[in-house]
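Colleague: I should be grateful for a close look at a single part of this model, namely its charged side-chain contacts. Please begin with one pair and then set that pair in its surroundings.

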Amino acid sequence: MIRFTLNGRAQEANVEADMPLLWAIRDVIGLTGTRFGCGQALCGACTVWIDGQPTRSCQTTMADVAGKAVTTIEGVSGRVTEAVQKAWVDLDVPQCGYCQSGQVMAAIALLESNRKPTDNDIDAALSGNICRCATYQRIRSAVHQAARSLA
């Protein structure tokens, strides 16, 4: 039994210690906002926060999260989250939308620590998040818009 906090609530999962967190979140717990992309921690679709840090859940084992706080796209909230979500909608960021939960998680984490990011800051923070539709300009613009709204 692995015990951790998921989206602010105590959670227990009766799974193998080496099960990837992604599969526990999706298949055992039933939260499907976190996506499977590459399975090798390269694309960012599976990004969650572990103790507040963006982390690839496809390569993180359940043993790694024992006693820790995990936040998925379903669990983000607050002023920064609302600013990012509004900017995403206003600028029509997603095309297919598959990568968006990971992009949004990375963007929120960036704006939580840096309210005035440069293009380079945005590119660095989201560099590991691949968008197959190549909406990178809209993603960058949305992060800037969200930052302005938080000023």
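Modeller: The side chains of Asp119 and Arg140 form a salt bridge, with 3.9 Å between N and O; the term denotes a side-chain nitrogen of Lys or Arg within 4 Å of a carboxyl oxygen of Asp or Glu. Asp119 belongs to helix 5 (residues 119-126) and Arg140 to helix 6 (residues 136-150), so the contact ties together parts that are 21 residues apart in sequence. Helices here are DSSP runs of H or I with at least four residues, strands are runs of E with at least two, and both are numbered from the N terminus.

This is a predicted model, in which local features need pLDDT of at least 70 and side-chain atom pairs count only at pLDDT 80 or more, whereas totals for chains, interfaces and linings use all residues. Residues are numbered from 1 along each chain as its sequence is written, and side-chain values use heavy atoms, with hydrogens and water left out.

The two partners can also be described by their accessibility. Arg140 is buried, at a relative accessible area of 18%, while Asp119 is partly exposed at 36%. Buried stands for under 20% relative accessible area, exposed for over 50%, and partly exposed for values in between, with a 1.4 Å probe and protein chains only. The pair does not stand alone: Asp123 joins Asp119 and Arg140 in a network of salt bridges.

The structure contains 4 salt bridges. Another of them connects Lys86 with Asp90, whose closest N and O atoms are 2.7 Å apart. Both residues lie in helix 3 (residues 79-90), with a spacing of 4 residues, about one turn of the helix. Lys86 is exposed, with a relative accessible area of 51%, and Asp90 is partly exposed at 41%. A further salt bridge brings together the side chains of Arg3 and Glu12, at 2.9 Å from N to O. Both ends of that contact are partly exposed: Arg3 has a relative accessible area of 49%, and Glu12 has one of 46%.

The cysteines deserve a word beside these charged contacts. A disulfide is a covalent bond between the sulfur atoms of two cysteines; here the term requires a pair of cysteine sulfur atoms within 2.5 Å. The structure holds 0 disulfides. For Cys96, the nearest cysteine sulfur is that of Cys133, 3.7 Å away. Cys131 is likewise unpaired, because its sulfur lies 3.9 Å from the closest cysteine sulfur, in Cys99, which is too far for a bond. As to their settings, Cys96 is exposed, with a relative accessible area of 56%, whereas Cys131 is buried at 6%.

Finally, two backbone positions may be noted. Ala41 is not a glycine, yet it has a positive phi of about 65°. Ala41 is found in the loop between helix 1 (21-29) and strand 3 (47-50), and it is partly exposed, with a relative accessible area of 29%. Asp51, also not a glycine, has a positive phi of about 50°. Its place is the loop between strand 3 and strand 4 (53-56), where Asp51 counts as partly exposed at 48% relative accessibility.
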